Amino acid sequence: MKIAIINGPNLNLLGKREPEVYGNKDFDAYFLQLQSSFTDVSLTYYQSNVEGELINEIQRVGFDVDGIILNAAAYTHTSVGIGDAIKAIAAPVIEVHISNTFSREDFRHTSYITPNAKGLILGFGLDVYRLAIESFLPKL
Ligand code: DQA
């Protein structure tokens, strides 16, 4: 099974950025842990701060992988283009957020991703990525 994790703007600063909201762990270190926990899954990771680059990556992997785990970060709340890209591809997308966006500012309650996503997992810290991987695996 091939799963692509795609992270949007400012998520390259995880571990340094607002640790009270996003925690202390660097994503690269967490990604290595994910890879060693899911040895049967071919996991890839891409991050960009640039909206068009995220759309290019969604299109690039979107007809190849079995699933995409997308944290579009701030673009979640603004990007019609990323929402359209998800609609355009074959791979199912799980939207994730580290924080509970619904307990934060009103502008974070809108998502251009959710209407076209297979599911949404949020508010459990970095563990949302593990839960999203589990959701793609065979069920009991
Ligand atoms: C986020 C929530 C977004 O509102 C915010 O802009 C982010 C991160 C999260 O993972 O909690 O950058 O997507």
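Me: Which residues are buried in H5?

Reply: This is a predicted model. In H5, the buried residues are Val128, Tyr129, Ala132, Ile133 and Phe136.

Me: How do you know that the buried residues of H5 line one face of the helix?

Reply: Look down the axis of H5. The buried residues fall within an arc of 140°, so they line one face.

Me: What do the buried residues of H5 pack against?

Reply: They pack against helix H2 and five strands: S1 (2–7), S2 (42–47), S3 (67–71), S4 (93–97) and S5 (119–122).

Me: Why is Tyr129 called buried?

Reply: Buried means under 20% relative accessible area. Tyr129 has 0%, so Tyr129 counts as buried.

Me: Why is the pair of Phe27 and Tyr129 called edge-to-face?

Reply: Two values describe a pair of rings: the distance of the centres and the angle of the planes. For Phe27 and Tyr129, the centres are 4.8 Å apart. The limit for a pair is 6.5 Å, so these rings pair. Their planes are 65° apart. Edge-to-face needs over 60 degrees, so the name fits.

Me: What makes this pair a tie between parts apart in sequence?

Reply: Phe27 lies in helix H2 (residues 27–37), while Tyr129 lies in helix H5 (residues 127–136). The pair therefore ties together parts that are 102 residues apart in sequence.

Me: Is Phe27 buried or exposed?

Reply: Phe27 is buried, at 2% relative accessibility. The cut-off is under 20%, so the value qualifies.

Me: Which residues do ring pairs link into a cluster?

Reply: The cluster holds Phe27, Tyr30, Phe31, Tyr45 and Tyr129. A search of the whole structure finds five aromatic pairs.

Me: Why is the contact of Glu134 and Arg130 called a salt bridge?

Reply: Side chains of opposite charge can pair when their charged atoms come close. The N to O distance for Glu134 and Arg130 is 3.4 Å. The limit is 4 Å, so this is a salt bridge. Both residues are in helix H5, four residues apart, which separates them by about one helical turn.

Me: Why is Arg130 called partly exposed?

Reply: Partly exposed lies between the 20% and 50% cut-offs. Arg130 has a relative accessible area of 29%, so the term applies. Glu134, at 35%, also counts as partly exposed.

Me: How do you know that Glu18 and Arg17 form a salt bridge?

Reply: Their closest N and O atoms are 3.9 Å apart. That is within 4 Å, so the pair counts. Glu18 is partly exposed at 36%, whereas Arg17 is buried at 18%.

Me: Which residues are linked with Glu105 in a network of salt bridges?

Reply: Arg104 and Arg108 are linked with Glu105 in the network. Glu105 and Arg108 meet at 2.7 Å, N to O. Glu105 is partly exposed, with a relative accessible area of 36%. Arg108 is buried, with 17%. A search of the whole structure finds seven salt bridges.

Me: Which residues surround the ligand?

Reply: Arg17 and Arg108 are among them. So are Tyr22, Asn71, Ala73, Ala74, His77, His97, Ile98, Ser99 and Thr101.

Me: What makes the approach of His77 to the ligand a polar contact?

Reply: An N or O atom in the side chain of His77 is 2.7 Å from a ligand oxygen atom. The limit is 3.5 Å, so this is a polar contact. His97 has a polar side-chain atom 2.8 Å from an oxygen atom of the ligand. For Ser99 the distance is 2.6 Å.

Methods: Residues numbered from 1 in each chain as written. Predicted model: local features only at pLDDT ≥ 70, side-chain atom pairs only at ≥ 80, totals over all residues. Heavy atoms only, no water. Phe/Tyr/Trp six-rings, centres within 6.5 Å; stacked < 30°, edge-to-face > 60°. Helix = DSSP H or I, 4+ residues; strand = E, 2+ residues; numbered from the N terminus. Buried < 20%, exposed > 50% of the residue type's maximum accessible area, 1.4 Å probe, protein only. Arc of directions from axis to C-beta. Contact = heavy atoms within 4.5 Å. Salt bridge = Lys/Arg side-chain N within 4 Å of Asp/Glu carboxyl O. Near = heavy atom within 4 Å. Polar contact = N/O pair within 3.5 Å; in protein donor to acceptor, adjacent residues only side chain to side chain.
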